Amino acid sequence: MPDETLNRFRQSIDNIDAALIHMLAERFKVTQAVGAYKATHNLPPADPTREDAQIARLRALAKQADLDPEFSEKFLRFIIDEVIRHHERLRDAI
Ligand SMILES: C=C(O[C@@H]1C=C(C(=O)O)C=C[C@H]1O)C(=O)O
């Protein structure tokens, strides 16, 4: 028997998941451009000072939004680590 309430929740979840994928795709497009710029200008793949500032900012935003700051930091760390791997690959390809 179809559960309309559960279906409506799930439609919303599916829309949010699609938005997350599109936002991540845009973010990786920009970070790829940053990686190419860094590789051609002899800049290091990682910038820990910038990362610390981003993490502090996202933790504060998460708290305001009633989202777990620990989870938010882990999520951003996971993404940034992947970006750094891409930047290292771009650097090594030169
Ligand atoms: C994108 C950059 O390169 C790296 C990746 C970052 C990110 O994904 O936000 C942040 C800092 C850098 O370690 C950058 O330097 O801005």
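The following is a dialogue between a student and a tutor about a predicted model of one chain and its ligand.

Student: What should be known about the numbering and the model before reading on?

Tutor: Residues are numbered from 1 along each chain as its sequence is written. The model is predicted: local features need pLDDT of at least 70, side-chain atom pairs count only at pLDDT 80 or more, and totals for chains, interfaces and linings use all residues.

Student: What pLDDT does the chain average?

Tutor: The chain averages a pLDDT of 97, and 99% of the residues score at least 70. pLDDT is the predictor's confidence in each residue, from 0 to 100. The model scores ipTM 0.99 and pTM 0.94.

Student: How many helices and how many strands are in the chain?

Tutor: The chain holds 3 helices and 0 strands. Both are DSSP runs numbered from the N terminus: a helix is H or I over at least four residues, a strand is E over at least two. From the N terminus on, the order is α-α-α.

Student: What is the radius of gyration of the chain, and what would a compact globule of 94 residues have?

Tutor: The chain has 18 Å, whereas a compact globule of 94 residues would have a value near 12 Å. The radius is taken over C-alpha atoms, and the globule rule is 2.2 Å times the number of residues to the power 0.38. Along the principal axes, the C-alpha atoms fill a box of roughly 60 × 30 × 15 Å.

Student: How does the span of H1 stand against the one expected at 1.5 Å a residue?

Tutor: The expected span is 1.5 Å times one less than the number of residues. H1 has 37 residues and reaches 54 Å from its first C-alpha to its last, close to the expected 54 Å.

Student: Why does the span of H2 agree with its 17 residues?

Tutor: At 1.5 Å a residue, H2 should span 24 Å, and its end C-alpha atoms are 24 Å apart, so the two agree.

Student: Why is H1 said to lie largely in the open?

Tutor: A residue is buried if 20 or more other C-beta atoms lie within 10 Å of its own, exposed if 12 or fewer, and partly exposed in between, with C-beta atoms placed from the backbone. Of the 37 residues of H1, the number buried is 1, so H1 lies largely in the open. H2 is hardly covered, with a count of 0 buried among its 17 residues. Over the 94 residues of the chain, 2% count as buried.

Student: Is Leu24 buried or exposed, and how do you know?

Tutor: Leu24, in helix H1, has 12 other C-beta atoms within 10 Å, so Leu24 is exposed. The C-alpha atoms of Leu24 and Ile79 are 9.0 Å apart, although 55 residues separate the two along the chain.

Student: What is unusual about the phi of Asn42?

Tutor: Most residues other than glycine have a negative phi. Asn42 is not a glycine, yet has a positive phi of about 60°. Asn42 sits in the loop between H1 and H2, and with 8 C-beta neighbours inside 10 Å it counts as exposed. Asp66, in the loop between H2 and H3, has a positive phi of about 65° and is not a glycine either. Asp66 is exposed, with 6 other C-beta atoms within 10 Å.

Student: What makes a residue part of the shell around the ligand?

Tutor: Its C-beta atom, placed from the backbone, must lie within 6 Å of the molecule. The residues around the ligand are Thr31, Val34, Ala46, Asp47, Arg50, Glu51, Gln54, Ile80, Val83, Ile84 and His87.

Student: How do these residues divide into nonpolar, polar and charged?

Tutor: They divide into 5 nonpolar, 3 polar and 3 charged. Ala, Val, Leu, Ile, Met, Phe, Trp, Tyr, Cys and Pro count as nonpolar, Asp, Glu, Lys and Arg as charged, and the others, Gly among them, as polar.

Student: Which helix gives the most to the shell?

Tutor: H3 gives the most, with 4 residues. H1 (4-40), H2 (48-64) and H3 (69-92) each supply at least two.

Student: Why is Ala46 called partly exposed?

Tutor: Ala46 has 16 C-beta neighbours inside 10 Å, so it counts as partly exposed. Ala46 is in the loop between H1 and H2. Pro44 lies in the loop between H1 and H2 and is exposed, with 11 other C-beta atoms within 10 Å. The C-alpha atoms of Pro44 and His87, 43 residues apart along the chain, are separated by 8.5 Å.
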